[in-house]
Amino acid sequence: MNRVCAALAVWFCAAVPALAQDRAQLPLVGVLRIDTPATLGLTSEPLREALAALGYVDGSTIRLDFRLAEGDAGRFPELAAALVREKPGVIVGSGPTAACAAQGATHTILCVATTNDLIADDLISSLVSPDVTRLW
């Protein structure tokens, strides 16, 4: 039994740095949310499930990086700027304020908005021909 434990310990010590290195190389998806750490688990699950249904699994095929405003929407611009420095492939803004902050932080990274009404929230001008250039 001691040999098994020793073998597992050796494997674990060798595997953990390799796994961490592999995770760091996964495509990064940045997510801006109004949540606090206490509420994130409950509210992030639908996003995780939707991505998994498309084959994007956190820690396996992508790396999710949640930036939380902790109830203060005024923090979104600084959180978005910090995400941009990490060079994600996409930034998901949960709600119109987060989406606008993401769009204001970059002209090169794809920004996705999760909101009820893109037009009413002034994120696009039309569903037929969204003028995304007006966002910048």
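Student: Which residues make up the largest nonpolar core?

Tutor: Welcome! This is a predicted model, and its largest nonpolar core holds 12 residues in all. In soluble globular proteins, nonpolar side chains tend to be buried together. Here the members are L32, A69, F76, L79, A80, L83, I91, A98, A101, A102, I109 and C111.

Student: Which helix gives this core its largest share?

Tutor: Two helices are good places to look, since α3 and α4 each supply at least two residues of this core. The largest share is 4 residues, and the helix they come from is α3.

Student: What does L79 touch, leaving out residues up to four places away in sequence?

Tutor: L79 is itself a member of the largest core. Two of its contacts, L32 and A69, are listed in that core as well. With the other two added, L79 touches L32, R67, L68 and A69.

Student: Which residues of helix α4 are buried, and what do they pack against?

Tutor: Helix α4 covers residues 96-105, and its buried residues are A98, A99, A101, A102 and Q103. Among them, A98, A101 and A102 also belong to the largest core. The buried residues of α4 pack against β1 (28-33), α3 (76-85), β3 (90-94) and β4 (110-114).

Student: Is C111 buried or partly exposed?

Tutor: Let's use the cut-off: buried means under 20% relative accessible area. C100, at 37%, is over that cut-off and therefore counts as partly exposed. C111 has a relative accessibility of 18%, so C111 is buried.

Student: How many disulfides are there?

Tutor: A disulfide is a covalent bond between the sulfur atoms of two cysteines. Counting them in this model gives 0 disulfides.

Terms used
Residues numbered from 1 in each chain as written. Predicted model: local features only at pLDDT ≥ 70, side-chain atom pairs only at ≥ 80, totals over all residues. Heavy atoms only, no water. Buried < 20%, exposed > 50% of the residue type's maximum accessible area, 1.4 Å probe, protein only. Contact = heavy atoms within 4.5 Å. Core = buried A, V, L, I, M, F, W, Y, C linked by side-chain atoms within 4.5 Å. Disulfide = S-S within 2.5 Å.
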